[in-house]
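Me: I'd like to go through this one and ask where the labels come from. Can you take me through it?

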Amino acid sequence: MLKTPLDIPQQLAQFQRHGILVEDKAVALSILERVSYYRLSGYALEFRTSAHSSHYIPETTIEQIYDRYRFDEDFRHILRKYLEIAEIFYRTQIANTIALRKCSQPPHEQHYDVANYYRKNHFSDLMVQLRKQLHYYKDSLFIQHHMDKYHGRMPLWVLVEVMSLSTLSKYYSCLYRSDQEAVAAPLNTSARTLHNHLHALSVLRNKCAHAARLYNTVFSPKVILPTKTLRSTPSLQTDTLFSYLIMLAYRLPNFTIQQGYKKELISLLDAYRGKVEFDKIGLPNATEAELLMILQNA
C-alpha cells in the first residue's frame, strides 16, 4: 500500500520523529502550510545521517532546511527572467537566419520541407508536436489569421513563437551543420556548443517552470564551457547548477544584460552566504573573490 496521508501537524511530527529540531512550532507549521513535506524533504538530503537513512543529523532545524528552499526559490525567480530573454533571443536568431537562407524564394515556405533538414525523421516528429502546440494556441489572433489566410502555414519567424525552448533546441538539432554554423557564427560560438547550450537552457527552463529543485541536483547534459573558465576553476563540475549559471551568462544577448544578470546572482549568493552550502550548487570551498572572478569572467 501507499503511505497514509498526513495533515500538517502530523507532517511536522513526522519530521520530529526523524530528528528534525523544531524550536518554534508556529513557524514550522506555517512553513509546511506553504511548502509540502515531500518537497521540503528534498532540501534536507544533505542532513541525513546516511544516504539510505530517513533520520537526520542531530540539531538539524526545519529553518535550516527552509533556508535552502528559499535559496532555490530566489534562484528560480532570477533565472525565469533571464531565461525568457534568452528564449526570445534565440527564437529570433534561428528564425531570421534560417528564413533568409531557405525561404527567400517563392513560395517562402521551404522551412516546412523535410529535404531542408539533416535529421529528417526528427524533423517530421517535431512537426507533429508543433501541430499539437498550434492547436493549444488556436484562439490566438495570429494563429487564426494564418489558419484563415494561409491554410495554417506561417513564416518561420511566426512559427517559432509557438515553440517552447525545448522545441526550439530540437529544431536547431535537425538543421544541417552549415545552417547551424550560420546561426552560431555571429554569436561567437560553434554549432556544437550552441546545440549543447540550447539543450541545457531548455532543461533549466523546464526545471524553473515546474518549480523543480535546483539545489543539490546533478544536471544533464553536462555543459560545454570555455577552456579558460575550466582552467581558472579546476574544481568546477559541468553538471552542476553553477556551471549552468555560467552557461546562461554566455548565452545572453549583450553585455548590459549579462552584467545585470551577474549582479543579481552575486547579490543572491552574498545574501545566503553562511546559510547554505555553496558546494551543493557546484562551488566547493569557493571564496567571495572566486565567485566574483568566475562570474565576471563568464
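**Labels and their cut-offs**

Me: What makes residues in helix 10 count as buried?
Reply: Buried means under 20% relative accessible area, with exposed over 50% and partly exposed in between (1.4 Å probe, protein chains only). In helix 10, Ala-191, Thr-193, Leu-194, Asn-196, His-197, Leu-198, Ala-200, Leu-201, Ser-202, Val-203, Leu-204 and Cys-208 are buried. This is a predicted model, where local features need pLDDT of at least 70, side-chain atom pairs count only at pLDDT 80 or more, and totals for chains, interfaces and linings use all residues. Numbering starts from 1 along each chain as its sequence is written, and side-chain values use heavy atoms, leaving out hydrogens and water.

Me: What covers the buried residues of helix 10?
Reply: The cover includes helix 4 (62–102), helix 8 (165–174), helix 9 (177–184) and helix 12 (241–251).

Me: How do you know that the span of helix 10 agrees with what is expected?
Reply: The expected span is 1.5 Å times one less than the number of residues. For the 19 residues of helix 10 (191–209) that gives 27 Å, and the end C-alpha atoms are 26 Å apart, so the two agree.

Me: Why is helix 4 called roughly antiparallel or parallel to helix 13?
Reply: Their packing angle is about 175°, with axes 11 Å apart. Angles under 35 degrees count as roughly parallel, over 145 as roughly antiparallel, 65 to 115 as roughly perpendicular and the rest as oblique. Helix 4 is therefore roughly antiparallel to helix 13.

Me: Which residues have the most contacts inside the largest nonpolar core?
Reply: Leu-40, Phe-71, Phe-75, Tyr-171, Phe-242 and Tyr-261, in a core of 91 residues. Helix 4 gives the largest share of this core, 17 residues.

Note on methods. Helices (H or I, at least four residues) and strands (E, at least two) are DSSP runs, numbered from the N terminus. Contact means heavy atoms within 4.5 Å. Axes are lines fitted to C-alpha atoms, for helices over the stretch in contact, and angles run from 0 to 180 degrees between N-to-C directions. A nonpolar core is a set of buried Ala, Val, Leu, Ile, Met, Phe, Trp, Tyr and Cys residues joined through side-chain atoms within 4.5 Å.
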